[in-house]
Amino acid sequence: MTDAYLAKRNELKVLLEAAKPGQTVKLRGDWAFPAAAPHRWGPKATSPKDADGKVLPFGSLETDAPVILDCTEAVMGDLYWGNISGFRFVGGDWRGGIRIDGGSGIEVQDAVFTGVSKAVNVSGGVGLKVRGASFVGCDYGVLAGAMAEVLIEDNSVVSAVVDGFTLAGVQGATVRRNSVIGSKPFVGAHPDFCQVYSRANAPPACDILIEDNLVSGHTQGVGMFNHDRVYAKGTVLPAGGRLKGELIFPPGHVLAEDTKLNDGGFERVIIRRNRIIGGAPHGIGVYGARDLVLESNHLSTHPIGGSRCSINLVECVDVVRRGNRIDAGAGKPAVVDPDLVAAADPARIAELEAAVARAEADRLFMAEQIASARAWMQAAPHALAPATA
């Protein structure tokens, strides 16, 4: 590890530790290395409430006066931090990922991640917003684990290797107006536009809204699977234990022996107005959901797919399903919900098809912009300029 490396890493650490709520720290030049964690708590992140004092669901959290890390003129590498809150990352050509364990009030805005394994990986806190970001050739775009209040909005994922977005045990999440185009999975992988999962030893993922997204390519759409696995003796089951959708242990039960159970399923899920052109059978696959709304989704089979892209529901209860359309594909006929409404509107279908064409054009344009930005960064006269607070 060189002296220059240590000096620049420590420079960033000092700047961030000294930053006050609402202050902007601007980075310029090459910061493509693992940064030292500031280990500093920023302003407290709080969930907004309605007039009756109820916490608003679906990724509505706001953080007052975050510290802003402006990376718009910087090349960034891996950042691995713990126990921080109130940080907003703006822009940047990211060659590494952002990992935060115990992060609250974290925002990522208008950043470009290229060829990164896990681009945004935040766990164990309250409040994550990812908006306007681009993920090109990454294994995963966004991973949120054991978090409350997550918002993933207006992002673009191109040529993902695994999943666009992964939500693990989240309590309140919105995934809205994103595009996932042209996935390139490794052999044996079955990527998802958005995968959600739970575990029986934690509260189930709940209060999830997935709407107005565009998916096209060698990928599944929404994957919410509820696998069986053996949970060890002594495991506490906060929401009880289920098998084949049936509750067999009450909430708070402690297992007296190793026991095979479902992963816990999902509660209160809305999936609506998504356009999915998938190359795998699970256009929308939901297992073990309780209180599920599926509305006005339009699914087609991508030419690369060997099976019809479909809606598959297993062991779900209290389901409202209306206005969904599954086009014919892979030798199987079309399926239309009896009360089909908006999804069958010819103008709406034409609009969505045009969106697919625009997304492909945007993908090519974005690739050109990234190449241009990198060339500019390499030639920029301020390439070695210090950061400023």
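# A guided reading of the predicted model

Phe89 is buried, with a relative accessible area of 1%. This residue is a convenient place to enter the structure, which is a predicted model. Setting aside residues up to four places away in sequence, Phe89 touches Leu69, Leu79, Trp81, Trp94, Ile98, Ile100, Ile106, Glu107, Val108 and Gln109. Phe89 also belongs to the largest nonpolar core, a set of 69 residues. Within that core, the members that touch the most others are Leu69, Phe89, Phe113, Phe135, Phe165, Leu167 and Ile271. A second core, separate from this one, has six residues, among them Ala200, Tyr231, Leu255 and Leu261.

The setting of these cores can be described for the chain as a whole. The protein chain contains two helices and 34 strands. Of its 389 residues, 52% are buried. When contacts between residues at least 6 apart in sequence are considered, 53% of them join residues at least 24 apart. The accessible surface of the chain is about 16,400 Å², and carbon and sulfur atoms account for 55% of that area.

The aromatic residues deserve attention next. A pair of aromatic rings is described by the distance of the centres and the angle of the planes. The model holds eight aromatic pairs. In one of them, Phe89 and Trp94 meet edge-to-face, with 6.2 Å from centre to centre and 80 degrees between the planes. Trp94, like Phe89, is buried, and the relative accessible area of Trp94 is 0%. Phe113 and Phe135 form a stacked pair, with centres 5.3 Å apart and planes at 10 degrees to each other. Phe113 lies in strand β6 (residues 112-114) and Phe135 in strand β9 (residues 134-136), so this pair ties together parts of the chain that are 22 residues apart in sequence. Both Phe113 and Phe135 are buried. The four residues of these two pairs belong, with Trp81 and Phe87, to one aromatic cluster. A ring also takes part in another kind of arrangement: Lys118 lies over the face of Tyr140, at 5.9 Å from the ring centre.

Strand β10 (residues 140-145) includes Gly145. Gly145 is buried, as its relative accessible area of 15% falls under the 20% limit. Apart from residues up to four places away in sequence, Gly145 touches Val122, Ser123, Gly124 and Ala168. Gly145 and Ala168 are 23 residues apart in sequence, and their C-alpha atoms are 4.6 Å apart in space.

Beyond this strand, Ala146 is placed in the loop between β10 and β11. Ala146 counts as exposed, at 55% relative accessibility. Most residues other than glycine have a negative phi. In Ala146, however, phi is positive, near 50 degrees. Glu149 also has a positive phi, near 65 degrees. Glu149 lies in strand β11 and is buried, with a relative accessible area of 6%.

What surrounds Glu153, a residue of strand β11 (residues 148-153)? Not counting residues up to four places away in sequence, Glu153 touches Val130, Arg131, Gly132, Arg176, Arg177 and Asn178. Two of these neighbours are joined to Glu153 by polar contacts between side chains: Arg131 at 3.3 Å and Arg177 at 3.4 Å. Glu153 is buried, with a relative accessible area of 8%.

The last stop is Leu261, one of the residues in the second core. Leu261 is found in strand β25 (residues 259-262) and is buried, with a relative accessible area of 0%. Leaving out residues up to four places away in sequence, Leu261 touches His227, Asp228, Arg229, Tyr231, Leu237, Gly241, Arg242, Leu243, Ile248, Phe249 and Leu255. Among these neighbours, Tyr231 and Leu255 are also members of the second core. Arg199 is 62 residues from Leu261 in sequence, and the C-alpha atoms of the two residues are 9.7 Å apart in space.

Key. Residues numbered from 1 in each chain as written. Predicted model: local features only at pLDDT ≥ 70, side-chain atom pairs only at ≥ 80, totals over all residues. Heavy atoms only, no water. Helix = DSSP H or I, 4+ residues; strand = E, 2+ residues; numbered from the N terminus. Buried < 20%, exposed > 50% of the residue type's maximum accessible area, 1.4 Å probe, protein only. Contact = heavy atoms within 4.5 Å. Areas by Shrake-Rupley, 256 points an atom, 1.4 Å probe, with all protein chains shown as cover. Core = buried A, V, L, I, M, F, W, Y, C linked by side-chain atoms within 4.5 Å. Polar contact = N/O pair within 3.5 Å; in protein donor to acceptor, adjacent residues only side chain to side chain. Phe/Tyr/Trp six-rings, centres within 6.5 Å; stacked < 30°, edge-to-face > 60°. Lys NZ or Arg CZ within 6 Å of the ring centre and 35° of its normal.
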